[in-house]
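Student: I have a new model on my screen. Can we go through it together?

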Amino acid sequence: MTLLRTFATALLFASASLHAQEDKAIAVGKAVARATVGKQPNGAAFLQIENRGKTDDALLSASSPAASRVEIHTMSMEGDVMRMRALDRLEIKAGQAVVMKPGGGAHLMLMGLKKPLAAGESIPMTLNFRNAGKVEVTAEVAAMGMPKPAAAADAHAHGHHHHD
Ligand SMILES: [Cu+2]
């Protein structure tokens, strides 16, 4: 029981100092954005969000100078159709992590890209959390999940044209 009591005391201390440290509770892992093909209007970004704190948090919104707006999306299979829908927020419970990855689940949708996302570039993003506030991340752009090699080759060929 002594151990339990020690633990409870530690917890008490932890929650007392939590308010000062709350902005450090959220850790964002490597962020990547998928390189776009041709004139694709939207792109997708994936990252890991870990809540190391003792309070549930939530990603409320995100933004990037690379896109008109950023939406929090979730993707799921309905029968054999992949459907995406926008979320109001993405909950990250205390002590848990959300791992976004290509091919399913949550992702950030970059709506209205200012220019195509080319592999090797990086784009800044600002994440806005309910408790942790604003967190700045940099997403590396990488070619991934390209269904056909031909499409990828085509994207590369068009990658150096600038119309601005
Ligand atoms: Cu999406």
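The turns below take up the metal site and then the core.

Tutor: Keep in mind that this is a predicted model.

Student: Which protein atoms are the donors of the copper ion?

Tutor: They lie 2.1 to 2.3 Å from the copper ion. Along the chain they follow the spacing H-x10-M-x22-H-x1-M. The donors are H73 (ND1), M84 (SD), H107 (NE2) and M109 (SD).

Student: What is the arrangement of the 4 donor atoms around the copper ion?

Tutor: Look at the angles they subtend: 91 to 120 degrees. To count as tetrahedral, four donors need all angles between 85 and 135 degrees. The angles here fit, so the arrangement is tetrahedral.

Student: Is M84 buried, partly exposed or exposed?

Tutor: M84 sits in strand β7, 23 residues from H107 in strand β10. H107 has a relative accessible area of 2%, so it is buried. Buried means under 20%, and exposed means over 50%. M84 has 42% relative accessibility, so it counts as partly exposed.

Student: Which strand gives the most to the largest nonpolar core?

Tutor: That core has 37 residues, and L47, L59, M100, L108, L110, L127 and F129 touch the most other members. Several strands each supply at least two residues, among them β5 (57-63), β6 (67-78) and β11 (122-129). The top contributor, with 6 residues, is β10.

Student: Which residues is F129 in contact with, leaving aside neighbours within four places in sequence?

Tutor: F129 is one of the core residues that touch the most other members. Its contacts beyond those neighbours are I26, V28, I49, D57, A58, L59, L60, I92 and V135.

Definitions and conventions. Residues are numbered from 1 along each chain as its sequence is written. This is a predicted model: local features need pLDDT of at least 70, side-chain atom pairs count only at pLDDT 80 or more; totals for chains, interfaces and linings use all residues. Side-chain values use heavy atoms; hydrogens and water are left out. A nonpolar core is a set of buried Ala, Val, Leu, Ile, Met, Phe, Trp, Tyr and Cys residues joined through side-chain atoms within 4.5 Å. Buried means under 20% relative accessible area, exposed over 50%, partly exposed in between (1.4 Å probe, protein chains only). Helices (H or I, at least four residues) and strands (E, at least two) are DSSP runs, numbered from the N terminus. Contact means heavy atoms within 4.5 Å. Donors are N, O and S atoms within 2.8 Å of the metal (3.2 Å for Na, K and Ca); water is not among the atoms, so sites may look incomplete. Four donors count as tetrahedral if all angles lie between 85 and 135 degrees; four count as square planar and six as octahedral if opposite donors are over 155 degrees apart and all others between 65 and 115; anything else is irregular.
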